[in-house]
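Dear colleague,

I am handing over the structure we talked about, and below it you will find what was found in it. Please open the model first and keep it beside you while you read.

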Amino acid sequence: MFTRRWVMTAAAASVMAAGAASGAMAMDLPDLEGRTITVVTENAYPPLQFLDPSTGEQIGWEYDAMEEIGKRLNATIEYQNISWDAMIQAVSDGQYDVGMTGITIREDRMEKVDFSDKYMTSQMFMLVRGDEERFADAPSFAAFEDGLVGAQPGTTPFYVAVYDMLDGDEANPRIKLFETFGASVQALRTGDVDVVLTDGTAGEGYVKASDGALKLVGEPLGTEDFGFIFPKGSDLVEPINAAIASMEADGTLDALNTKWFLEYSLGQ
C-alpha cells in the first residue's frame, strides 16, 4: 500500500510566478514511503545505460530517469545487472521489480511482463563504417549479397533486420549474433559485419565519438516506443507511470534528452 503526496511541477511554478491561474498546478503522485525498488539493467546500450569508460560508474539516460522517479515517489532505487537474453524472463519470474534497457513495447512481450507507459520514442537507422560505399539504404544492402548485419537476438534491431531489411528468415546466415550491442558495434568497426541497426539518437552519439569512422545511412526503418518492464500485475506500474507523466509535463524528459543525446560525448 502507498499513500499520496503532492509534487509541484516546474510548469505549474512558472504559471504561478506569472500570476496566471491554472487547474494543473500540481500533480498528485503516489508516496511509496521509502520502499526499495530493485531495478535490473544490462549496462550495454549507451547513452541509455552503460559504464563510464573513464570511471566504471553506471551512468546514462535511464539511470538519471529512474533516480528522478525514485525521488518523486519517495522510493529507494537499487540496481542489479543481467544479460539481455535473460532479462525479460527474470523480471517475469519476479526476481527484480523493474527492468530497463531501452526495451521496445511489444504485444508478444506483454504476455510475460507488464510495461510502463512509453518514456521515449525512437527510430531505427543503419550504422555503418565511415568509408562504406557499397550500399546506402536497406534495399541496396539487401541486394548486396555478401553484406552482414550484427544484432542481439530477440531485440528490435534483430527483428527489423530480419523483416525490414532481409527476407523474413530469422535464421538467415547474413545475421551475425552478439551478446551485447557494444560487441556488435566493435565487430562493425573491425569489418566483421557491415551494418548494425540502432536508434537514431544513440547512433548519432556513436558517430560523433567515432571521429569519422562511423556514419548513419538510409531512411528510418520504423518507430519504436521504449518502456520499463515489471512482473505481471505489479503494483509499481501505476505510480511509475504517474512519475513519467509528471516528468514529461515539467520538461524533465526533454532535459534528459538534451543531456545525453546532445551534450554528452561517448568515450569522454
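Before anything else, please keep in mind that this is a predicted model. With that said, a good place to begin is the tyrosine Y159, which is partly exposed, because its relative accessible area is 25% and so falls between the 20% below which a residue is called buried and the 50% above which it is called exposed. F158, by contrast, is buried, with a relative accessible area of 6%. These two form an aromatic pair, and a general remark helps in reading it: a pair of aromatic rings is described by the distance of the centres and the angle of the planes. For F158 and Y159 the centres are 5.2 Å apart and the planes stand at 80°, which makes the pair edge-to-face.

**Other aromatic rings**

How many aromatic pairs does a search of the whole structure find? The search returns 11 aromatic pairs. One of them joins W61 and Y119, whose ring centres are 5.3 Å apart and whose planes meet at 25°, so this pair is stacked. The two partners come from distant parts of the chain, since W61 belongs to helix α2 (residues 61-73), while Y119 sits in the loop between β8 (113-115) and β9 (120-129), and 58 residues separate them. As for their surroundings, W61 is buried, with a relative accessible area of 0%, and Y119 counts as buried too, at 6% relative accessibility.

Ring pairs also link Y45, F181 and Y206 into a cluster. Another ring, that of F141, has a charged neighbour: R174 lies over its face, at 4.8 Å from the ring centre.

**Places where the chain returns to itself**

R174 appears a second time when you look at the backbone, for its C-alpha atom lies 6.8 Å from that of G147, although the two are 27 residues apart in sequence. G147 is found in the loop between α4 (138-143) and β10, and it is buried, with a relative accessible area of 0%.

You can look for the same kind of approach at L32, which is in the loop between β2 (26-31) and β3 (35-41) and counts as buried at 5% relative accessibility. The C-alpha atoms of L32 and L73 are separated by 5.7 Å, while the residues are 41 apart along the chain. One more example is A209, in helix α7 (residues 200-209), which is partly exposed, with a relative accessible area of 36%. Its C-alpha atom is 6.3 Å from that of S265, a residue 56 positions away along the chain.

**Empty space inside the model**

Rolling a probe the size of a water molecule over the atoms shows where empty space is left. In this model the count comes to two cavities of 30 Å³ or more, and the largest cavity holds about 250 Å³ of space. Of the 23 residues that line the largest cavity, the closest to its centre are Y45, G102, Q152, T155 and P157. Two or more residues of this lining come from each of β10 (149-151), α5 (156-165), α6 (181-190), β12 (195-199) and β14 (223-226), and the largest share, three residues, is that of β12. By class, the lining of the largest cavity has 11 nonpolar, nine polar and three charged residues. Domain 1 (33-118 + 226-261) and domain 2 (121-223) each contribute at least three residues to the lining of the largest cavity.

**The second largest pocket**

Where does the second largest pocket lie with respect to domain 1 and domain 2? Domain 1 (33-118 + 226-261) and domain 2 (121-223) both give residues to its lining, so the pocket lies between them. About 270 Å³ of space is found in the second largest pocket, and 15 residues line it, of which Y119, M120, T121, D254 and N257 are the closest to its centre. Y119, then, is both a lining residue here and the ring partner of W61 described above. At least two lining residues come from each of β9, α7, α8 (237-249) and α9 (252-263), and β9 gives the most, with five residues. By class, this lining has six nonpolar, six polar and three charged residues.

With best wishes

Methods
Residues are numbered from 1 along each chain as its sequence is written. This is a predicted model: local features need pLDDT of at least 70, side-chain atom pairs count only at pLDDT 80 or more; totals for chains, interfaces and linings use all residues. Side-chain values use heavy atoms; hydrogens and water are left out. On a 1 Å grid over the protein atoms alone, a cavity is a set of points where a 1.4 Å probe fits but cannot get out, and a pocket is an open set with protein on both sides within 12 Å along at least five of seven lines; lining residues have an atom within 4 Å of a point. Grid points are joined across faces, edges and corners, and a volume is the space filled by probe spheres set on the points. Helices (H or I, at least four residues) and strands (E, at least two) are DSSP runs, numbered from the N terminus. Ala, Val, Leu, Ile, Met, Phe, Trp, Tyr, Cys and Pro count as nonpolar, Asp, Glu, Lys and Arg as charged, and the others, Gly among them, as polar. Domain bounds come from an automatic or database domain assignment. Rings of Phe, Tyr and Trp (its six-membered ring) pair if their centres lie within 6.5 Å; planes under 30 degrees apart count as stacked, over 60 as edge-to-face and the rest as tilted. Buried means under 20% relative accessible area, exposed over 50%, partly exposed in between (1.4 Å probe, protein chains only). A charge sits over a ring if NZ of Lys or CZ of Arg is within 6 Å of the ring centre and within 35 degrees of the ring normal.
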